[in-house]
Amino acid sequence: MSLSTPTKLTNLRSLLANKPQQEVLRLYLHQNQDNLLKEAVLVTIFRKWSVLPPYTLTEIGVTTYERQQVHGGRPCPPGPHAEDLLRHVWSMHYRIRENAHVSATKEDPTEADQTPFHFGYSVFVTLEDAMDVLQQIWHQPIDMMKLEKGHRPVICLSYGNNDALSKTRHVDFDFSPTKIGTTVAMLDAQNIAIQAKITSSGDASIDYLLPIFQIRPYDEHNAGNAAMYVTVLAFLSVLRKELYGSEANPKARPGQQGISSTKTARSVMQWLMDHPTPVPPFGVTTYCSRCSSFVHTVAECPNTDFVCSKCLASKIKFRQENAVTHMEGLCIYR
């Protein structure tokens, strides 16, 4: 077990910075050297903001993958469509309680609840809870019994401009992985897909890229689902040759080829949805964004007469439409 120190983390960060992003992820998943990189945690983070002012953070999707939890950290066959690796990905979806009502409308106050999370359980958390959870993920001891061994390095995976948006919309949630000392690499799955020659487009969407691997994304606008799909896309892209390459498929075109010929990618994704990540030990799974009850959801709320007078009196149309989705005490509009 390696020792993690600020100097070692800095050296590892410098080493990885000089490598293509595709190679960084391949090294993490497959390299056979006994060094600090094997102790790293791969964390995918995907954030979602309201589409209208005040552009508040409404959801956070997170996945984590620890190489040391798979085959003792030793390189191993990834399995068809990387299923033997993906089965060890933990997937989480956090909805910010303070802002839970902002995506609802007068026509459909329950709209925010209609994009289900398929790989785990959605939990409602406060902004403070969310920040605390992420800080814990980014500060995991290498050895719980020997804290002096330091923290695990973190490889952070994002997607396209989702990370760029997080840098501009940070007023209510100032979390930047690049400022945390344990972060040794920042990867972009969109960029990795280009380097792996999956696409040549610099702005390809998730729902464009996944069908190339014969995977149909469901409810990818849910931040939790998006985080999982980003993780899957990155794994399949960097392991393209191992997963699909064969004498009959020398260019490793994705599909039922090579070691992935025994099953469909859809069946692998279905297994992941049928075996969701357990509920995390924080937050609540039941919350009403209309009246702040922890007993029922907004669809079950008996308080149908709640109206936010501030929004109702506003001259802005979307605020007027949003007035029936929350009581005045929960209003976040300025």
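User: Which side chains meet E39 and R152 in a salt bridge, and how is such a pair recognised?

Analyst: Side chains of opposite charge can pair when their charged atoms come close. A salt bridge is a side-chain nitrogen of Lys or Arg within 4 Å of a carboxyl oxygen of Asp or Glu. Here the side chains of E39 and R152 form one, at 3.1 Å from N to O. E39 lies in the loop between α2 and β1 and R152 in the loop between α4 and β5, so the pair links parts of the chain 113 residues apart. This is a predicted model, in which local features need pLDDT of at least 70 and side-chain atom pairs count only at pLDDT 80 or more, while totals for chains, interfaces and linings use all residues. Residues are numbered from 1 along each chain as its sequence is written, and side-chain values use heavy atoms, with hydrogens and water left out.User: Are E39 and R152 buried or exposed?

Analyst: Buried means under 20% relative accessible area, exposed over 50%, and partly exposed in between (1.4 Å probe, protein chains only). E39 counts as buried at 3%, and R152 counts as buried at 10%. The side chain of R152 also reaches the backbone oxygen of E39 at 3.0 Å.

User: How many salt bridges does the whole structure hold?

Analyst: A search of the whole structure finds six. One of them joins R26 to E242, with the closest N and O atoms 2.8 Å apart. Helices (H or I, at least four residues) and strands (E, at least two) are DSSP runs, numbered from the N terminus. Because R26 lies in helix α2 and E242 in helix α9, this pair ties together parts that are 216 residues apart in sequence. R26 is partly exposed at 28%, and E242 is partly exposed at 27%.

User: Which residues are linked with E83 in a network of salt bridges?

Analyst: The network links E83, R87 and K263. Within it, the side chains of K263 and E83 meet at 3.1 Å, N to O. K263 is partly exposed, with a relative accessible area of 26%, whereas E83 is buried at 8%.

User: What is the nearest side chain of opposite charge to R290?

Analyst: For charge, Lys and Arg count as positive and Asp and Glu as negative; His and the chain ends are not counted. The nearest such side chain is D305, 7.8 Å away, and R290 is buried yet has no salt bridge. R290 is placed in the loop between α10 and α11. A polar atom of its side chain lies 3.3 Å from the backbone oxygen of V324.

Note on methods
Residues are numbered from 1 along each chain as its sequence is written. Side-chain values use heavy atoms; hydrogens and water are left out. A polar contact is a pair of N or O atoms within 3.5 Å; within protein, one must be able to donate a hydrogen and the other to accept it, and residues adjacent in sequence count only if both atoms are side-chain atoms.
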